[in-house]
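Q: I should like to learn how to read the features of a structural model, one at a time. May we begin with the annotated positions and then turn to the fold, the open spaces and a single helix?

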Amino acid sequence: MSVAGCAPSRPLWLLAELTYACPLQCPYCSNPLDYGQIKDELDTATWLRVLREARALGAAQLGLSGGEPATRPDLEVLVAEARRLGYYSNLITSGIGLDAERIGRLRAAGLDHIQVSFQASGAELNDHLAGTRAFQHKLDIARAVKAAGYPMVLCFVLHRDNIDDMDAVLALAAELQADYVELATAQYYGWAWVNRDRLMPSREQLARGEAVAHAWQARLQGRMKIYYVVPDYYETRPKACMNGWGSIFLTIAPDGTALPCHSARSLPGLSFPNVREHGIDWIWNESPGFNRFRGFEWMREPCRSCDEKERDFGGCRCQAYLLTGDASQADPVCDKSPHHGRVLAAIEAAASTPSEKPLIFRNPRNARTLSG
């Protein structure tokens, strides 16, 4: 069931979401709101089969994420198989569940890359956002990663409460001798969607943050690479989400659901296959869910006749759904969209939301309340 009779491209990136279990409670987590109801995780043997089948189809980059992937006791087994198959593997972790000894075991198993996330530049805010005392452990893990011979890759999710601390964030990264730092302003899916008005920074905050990031980029050129990602809402054109639906990225959720992106299971009216029932080849090439928004035939105006559609593919389907109730609409981030006013209204709503408004943290109690 390929689009317009054309075979789809091959997946290059496999994101293996090994578990939704996580000791942290970040209010911007991209995991689904009903994560607590998704308990039937894939076993080791099934994950090994998924790795083999995706590699045979062409996947070369492997992301190991969650939740917190280090909560899986079989992580070293999966890493070793990934190395045997020829993947470049990247562990995306909070650092909880790791210590220097386990990092050494992962290194021996063939793990290529570790990205450690921080919530803030200091213990008080970091631990508040994480919902647990994690800051000191993160520092220890970042240093252990570097000591094990890995490049140090740090990720800070930015939002209203920490973006004004950009200088301190980058000073911490420099102190830890980071090689790469991603300053990723929160994108509004999952738990971040629930907290959107509370988390969204102002235009003034973004401008100040960008200026600080550029100053540090110039100061540390050749020593530390700094990537600053602005949220879609403050753009006039959408990003090429996942480089196009079902084009490069394949995500497997903890229960085996195969997705074109990690948020796609939130879209109503779409059925996504499970690796317990189907092989990766059929999932990628034939399944209706993966073919639904491939190519350009599905597009409505203004996307269908837009001369930029091959650059942004109409934007993000999940964002279009969240903002309009219809995943086939143009991403309202685009100022050509008839729904662009909803993005502007969201920015105004965020500006009028007090910073003292409580955040809704990712935890089982709130998950039960929000999902039913």
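Q: Which residues does UniProt list for "binding site"?

A: A preliminary caution is that this is a predicted model. The unreviewed UniProt entry lists C22, C26 and C29 under "binding site". C22, C26 and C29 are included in the lining of the largest pocket.

Q: What does UniProt list for "domain: Radical SAM core"?

A: The unreviewed entry gives residues 8-223 for that domain. In the model, the span is 43% helix and 16% strand, and its end C-alpha atoms lie 39 Å apart.

Q: How many helices and strands are there in the chain, and how is its overall form to be judged?

A: The chain has 15 helices and nine strands. Its radius of gyration is 20 Å, close to the 21 Å that the globule rule gives for 372 residues, so the chain is as compact as a globular protein of that length. The C-alpha trace spans about 55 × 50 × 45 Å along its principal axes. Of the 372 residues, 53% are buried. Among contacts with a separation of 6 or more, 74% join residues 24 or more positions apart.

Q: How is empty space located, and what is the volume of the largest pocket?

A: Rolling a probe the size of a water molecule over the atoms shows where empty space is left. Here the largest pocket has a volume of about 1,700 Å³. Its lining comprises 49 residues, and S30, I92, Q115, E182 and H262 lie nearest the centre.

Q: Which elements give two or more residues to the lining of that largest pocket?

A: They are β1 (13-17), β2 (61-65), β3 (88-93), β4 (113-118), β5 (153-158), β6 (180-185) and β8 (249-252). β3 gives the most, with four residues. By class, the lining of the largest pocket divides into 24 nonpolar, 18 polar and seven charged residues.

Q: Where does C26 lie, and with which residues is it in contact?

A: C26 belongs to the loop between β1 and α1 (44-57). Because its relative accessibility is 10%, under the 20% cut-off, C26 counts as buried. Beyond its neighbours within four places in sequence, C26 is in contact with Q119, L129, W191 and R362.

Q: Is C29 buried or exposed, and what does it touch?

A: C29 is buried, with a relative accessible area of 16%. C29, too, lies in the loop between β1 and α1. Not counting residues up to four places away in sequence, C29 touches Y189, G190, W191, A192 and R362. W191 and R362 thus appear in the contacts of C26 and also in those of C29.

Q: Where does T19 lie, and is it buried or exposed?

A: T19 lies in the loop between β1 and α1. With a relative accessible area of 1%, T19 is buried. Leaving aside neighbours within four places in sequence, T19 has contacts that include E41, S65, G66, G67, E68, P69 and P254.

Q: How does one read the buried residues of a helix, and which are buried in helix α2?

A: An α-helix has 3.6 residues a turn, so residues three or four places apart point the same way. In α2 (residues 75-85), the buried residues are L75, E76, L78, V79, E81, A82 and L85. Their cover includes α1, β2, β3 and α3 (100-109). Just after α2, G86 takes a positive phi of about 100°.

Q: Which residues are in contact with L75?

A: L75, in helix α2, counts as buried at 0% relative accessibility. Apart from neighbours within four places in sequence, L75 is in contact with L18, L64, P69, A70, L91, R102 and L106. L75 and L91 are 16 residues apart in sequence, and their C-alpha atoms are 9.7 Å apart in space.

Q: How many cavities of 30 Å³ or more does a search of the whole structure find?

A: The search finds one cavity of 30 Å³ or more. The volume of the largest cavity is about 110 Å³. It is lined by 14 residues, of which C303, C306, D312, G314 and C334 are the closest to its centre. This lining has seven nonpolar, one polar and six charged residues.

How values were computed. Residues numbered from 1 in each chain as written. Predicted model: local features only at pLDDT ≥ 70, side-chain atom pairs only at ≥ 80, totals over all residues. Heavy atoms only, no water. 1 Å grid on protein atoms, 1.4 Å probe; cavity = no way out; pocket = protein on both sides within 12 Å on 5 of 7 lines; lining within 4 Å. Points joined across faces, edges and corners; volume = space filled by probe spheres on them. Nonpolar A, V, L, I, M, F, W, Y, C, P; charged D, E, K, R; others polar. UniProt positions renumbered as here; feature names shortened; annotations may be inferred. Rg over C-alpha atoms; globule rule 2.2 N^0.38 Å. Buried < 20%, exposed > 50% of the residue type's maximum accessible area, 1.4 Å probe, protein only. Contact = heavy atoms within 4.5 Å.
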